[in-house]
Amino acid sequence: MVRAVMRVLQPPSLHRPMPFALFRFRSMDDLEKWICISDKEIFGGFSTASVKIMPEGYVRFSGHLSTKLPNDPTIVRSGFCLFRTRQQRKTLLGGRYIDMNIHDALEFEIRGDGRAYIANLQPDSYREEDLYQATIYTRGGPHWQTVQLDMSPFLVTHQLESFTRTLNVPLSDFLLTHRGYVQNEQSTINPTNIKTVGILLADKRDGPFQIDIREIRATSSISGSTIVDKTKARMRTEWKSTVETAA
């Protein structure tokens, strides 16, 4: 409650709190709070995924996505790989939620393969399968990019050839979904009750994938000029048959 009041009372552009790292990936110890799964582990699909800490100080989430259905008539769609935090147990000192402080946006420092990934935020909801999801469009190596995803109503700035125009968009980068389906009734994310954060690949494109993640940060959106991608990565996904360029 206190954080929510502070977020409302705080001026949008003055005395903004400094961003801070929620997750860094420097050693195997940094992966203890994370899990890596695919449809293979959940219902016998054919996708594979793994994570590896690289010497340069980042984690590599890679594998092979397959939409092939298992031999089970109850499974009607397949093809996903997920890297997310583990759910934390509630203690007397708290610890159940990811501490965003009073921030209302997330930054992902990544290096992708040109495929479109999904950022997952799991809220504390009575429906366990509820997720807030937003698309992360990757450039496709070798350069790193920083993608900022807003969790509150925001302004989107469209860069045109010779001028910039700002459109007021009354929604968030994240959409509420249930079991993968966007819900008709949307609600604003409460940054104080996020249980897990994850990166999902489920683009229905069979083949290898690879995304490097250096850091995930809590930050605050800038009123009037929300940054969706600081490196101006193209908002059109360019599918690639290989991922060697991201090495």
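Let's start with strand E7: 7 of its 8 residues are buried, so this strand is largely enclosed by the rest of the structure. Keep in mind as you look around that this is a predicted model.

What does E7 pair with? On one side of the story there is E8, joined to E7 by 6 bridges, with the two strands running antiparallel. If you want to find one of the places where they meet, look for Ala116, whose bridge partner in E8 is Tyr137. Then there is E14, which is also antiparallel to E7 and is joined to E7 by 6 bridges. Here you can look for Asn120, whose bridge partner in E14 is Gly198. While you are looking at strands, here is a handy rule: in a regular strand the side chains alternate between the two faces of the sheet.

Now stay with Asn120 for a moment. The side chain of Asn120 makes a polar contact of 2.9 Å with the side chain of Gln133. Gln133 belongs to strand E8, which covers residues 130-137. Is Gln133 buried or exposed? Its relative accessible area is 14%, and buried means under 20%, so Gln133 counts as buried. Gln133 also shows how a chain can bring separate stretches together: Gln133 and Ile199 are 66 residues apart in sequence, yet their C-alpha atoms are 9.5 Å apart in space.

Next, let's follow the charges. Side chains of opposite charge can pair when their charged atoms come close. How many salt bridges turn up in the whole structure? A search finds 9. One of them joins the side chains of Arg26 and Glu215, at 3.7 Å from N to O. This pair links distant parts of the chain, 189 residues apart: Arg26 is in the loop between strand E1 (20-24) and strand E2 (34-38), while Glu215 is in strand E15 (residues 207-219). The two partners have their own surroundings, too. Arg26 is partly exposed, with a relative accessible area of 42%, whereas Glu215 is buried, at 8%.

Strand E15 comes up again with Asp212, whose side chain meets that of Arg60 in a salt bridge of 2.8 Å, N to O. Arg60 sits in strand E4 (residues 58-65) and Asp212 in E15, so to speak two distant parts of the chain, 152 residues apart. Both ends of this bridge are tucked away: Arg60 counts as buried at 15% relative accessibility, and Asp212 is buried with a relative accessible area of 0%.

Another salt bridge brings us back towards E7. The side chains of Asp203 and Arg115 meet at 2.8 Å, N to O. Once more, distant parts of the chain are linked: Asp203 lies in the loop between strand E14 (194-201) and E15, and Arg115 lies in the loop between strand E6 (105-111) and strand E7 (116-123), 88 residues apart. Asp203 and Arg115 are both buried. Some charged residues also team up in a bigger arrangement, with salt bridges that share partners joining Arg24, Arg26, Glu107, Glu109, Arg214, Glu215 and Arg217 into one network.

Let's turn to the rings. The count comes to 8 aromatic pairs. In one of them, the rings of Phe23 and Trp34 have centres 5.1 Å apart and planes at 80°, so this pair is edge-to-face. Phe23 is in strand E1 and Trp34 in strand E2, 11 residues apart. Phe23 counts as buried at 13% relative accessibility, and Trp34 does as well, at 4%.

A second pair to look at is Phe61 with Phe83, which is tilted: 5.7 Å centre to centre, with 35° between the planes. Phe61 is in strand E4 and Phe83 in strand E5 (residues 81-85), 22 residues apart. Both of these Phe residues are buried. Which residues make up the aromatic cluster? Phe23, Phe25, Trp34, Phe61, Phe83 and Phe209 form one cluster together.

Finally, charges and rings can meet. Lys68 lies over the face of Phe46, 4.6 Å from the ring centre. Arg214, a member of the salt-bridge network, has its charged end over the ring of Trp144, 4.0 Å from the centre of that ring.

Terms used
Residues numbered from 1 in each chain as written. Predicted model: local features only at pLDDT ≥ 70, side-chain atom pairs only at ≥ 80, totals over all residues. Heavy atoms only, no water. Helix = DSSP H or I, 4+ residues; strand = E, 2+ residues; numbered from the N terminus. Buried < 20%, exposed > 50% of the residue type's maximum accessible area, 1.4 Å probe, protein only. Polar contact = N/O pair within 3.5 Å; in protein donor to acceptor, adjacent residues only side chain to side chain. Salt bridge = Lys/Arg side-chain N within 4 Å of Asp/Glu carboxyl O. Pairing = 2+ DSSP bridges. Phe/Tyr/Trp six-rings, centres within 6.5 Å; stacked < 30°, edge-to-face > 60°. Lys NZ or Arg CZ within 6 Å of the ring centre and 35° of its normal.
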